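Me: Please take a close look at one part of this model, the sheet and what packs against it. Work outward from the strands, and finish with any unusual backbone geometry.

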Amino acid sequence: MHPLICTRCGELDETPDTSAGASVLRCASCGQTRPFTRLPLYCVSGPSGTGKSTIAGMLLERLSDRFVVLEQDLLWVGGLRDPAEHHRLFRSTWLRTAAMVQQNGRPVVLCGTVVPPEFEPLPERALFSAVHYLALTCDPDVLADRLRARPAWREWDEERIEETLDFAAWVAGEGPRLAPPLTLVDTTGTGPAQTADTVCRWVEELHARSAA
């Protein structure tokens with residue numbers, strides 16, 4: 001069942017071979033092909049404080065009959081926090097996990113901070129027919145106030161807040177020019193329910209196009 005382990009010879013293919021067809025994986029060691037469902041992955045991203053965790057439960061309520069909604073921070077633990085190569089271990093683990101989940105026939109909506117340069121170069125990216133990215137954004141002053149209001153155990157000091165504001169400015173400025181681009185949704189003046197509705201429409205419209 002592991003997406004990168006051959007069911008015949010047991011070898012691990014770090015780079016998935018999808019050349020045999022859109023719904024097939026080929027083992028680089030023994031040549032066996034096996035069915036593999038490749039679906040779109042929908043990433044709901046954005047800097048901390050823009051509302052991802054707040055709307056995740058709402059997305060689950062609205063989409064759970066057709067999609068699997070997952071929260072990326074669930075695996076932000078132990079050795080997976082290794083920062084090497086843009087947290088490659090963490091990113092690869094999530095792509096493998098989402099690829100395994102989609103074998104049940106439902107695409108994954110992954111909530112958590114990620115941008116295309118962190119997913120697109122990875123070998124596991126080949127396990128999906130497409131990866132779509134949406135990023136929540138927010139006015140800098142409002143974002144800073146939200147982060148300062150967080151509980152002390154989350155350790156949001158001024159240095160960390162400033163780093164997040166810099167990242168937020170980069171997302172807002174460069175996100176639409178990335179490949180693939182980030183769809184931006186400003187949460188400054190909208191409530192969580194309205195934001196969740198917008199994200200749901202984004203997921204549903206893209207998925208309808210892919211099905212067509």
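Reply: What follows starts with the strands, moves to the helices and cores, and ends with the backbone.

The model is predicted. Its open sheet has 5 strands. Their order is β4-β5-β3-β6-β7, and the pairing is parallel. The edges belong to β4 (68-71) and β7. Each of these two has a single partner strand, so one side of each lacks a neighbour in the sheet. On average, neighbouring strands are turned by 20 degrees against each other, direction ignored.

Take the β7 edge. Its partner is β6 (residues 130-137), and the two pair in the parallel sense over 5 bridges. For one bridge, look at L136 of β6, whose partner in β7 is V185.

Now the helices. α1 (residues 52-63) lies across β3 (40-45), β4, β5 (108-111) and β6. The helix runs at about 160 degrees to β4. α2 also packs on the sheet, where it touches β3, β4 and β5. The direction of α2 makes about 160 degrees with that of β4.

α1 deserves a closer look. The helix has 12 residues. From first C-alpha to last it reaches 15 Å, close to the 16 Å expected at 1.5 Å a residue. Its buried residues are K52, I55, A56, L59 and L63. These cover an arc of only 130 degrees around the axis, so they sit on the same side of α1. What covers them includes the strands β3, β4, β5 and β6. Helix α6 (192-211) is also part of that cover.

Next, the cores. In soluble globular proteins, nonpolar side chains tend to be buried together. Here the largest nonpolar core has 26 residues. Within this core, L41, F119 and F128 touch the most other members. β3, α2, β5 and β6 each supply at least two of its residues. The largest share, 5 residues, comes from α2.

F119 shows what such a position looks like. Set aside its neighbours within four places in sequence. F119 then contacts L41, C43, L95, L110, V114 and Y133, among others. Its contacts also include Q72, R91 and R125. L41 is thus both a contact of F119 and one of the residues that touch the most other core members.

Another core lies apart from this one. That core has 19 residues, among them Y42, L134, A196 and V199. By numbering, Y42 falls within β3 (40-45), L134 within β6 (130-137), and A196 and V199 within α6 (192-211).

Last, the backbone. Three places stand out for inspection. One is the cis peptide bond that joins A179 and P180, with omega at about -5 degrees. P180 is in the loop between α5 (158-174) and β7 (182-186). This loop therefore precedes an edge strand of the sheet.

The other two places concern phi. H86 has a positive phi of about 60 degrees, although it is not a glycine. H86 is found in helix α2 (residues 84-101), the helix that packs on β3, β4 and β5. At 56% relative accessibility, H86 counts as exposed. E155 likewise has a positive phi of about 60 degrees and is not a glycine. E155 lies in the loop between α4 (140-148) and α5. E155 is exposed too, with a relative accessible area of 60%.

How values were computed: Residues numbered from 1 in each chain as written. Predicted model: local features only at pLDDT ≥ 70, side-chain atom pairs only at ≥ 80, totals over all residues. Heavy atoms only, no water. Helix = DSSP H or I, 4+ residues; strand = E, 2+ residues; numbered from the N terminus. Buried < 20%, exposed > 50% of the residue type's maximum accessible area, 1.4 Å probe, protein only. Pairing = 2+ DSSP bridges. Axes fitted to C-alpha atoms, helices over the stretch in contact; angles between N-to-C directions. Contact = heavy atoms within 4.5 Å. Core = buried A, V, L, I, M, F, W, Y, C linked by side-chain atoms within 4.5 Å. Expected span 1.5 Å × (residues − 1). Arc of directions from axis to C-beta.
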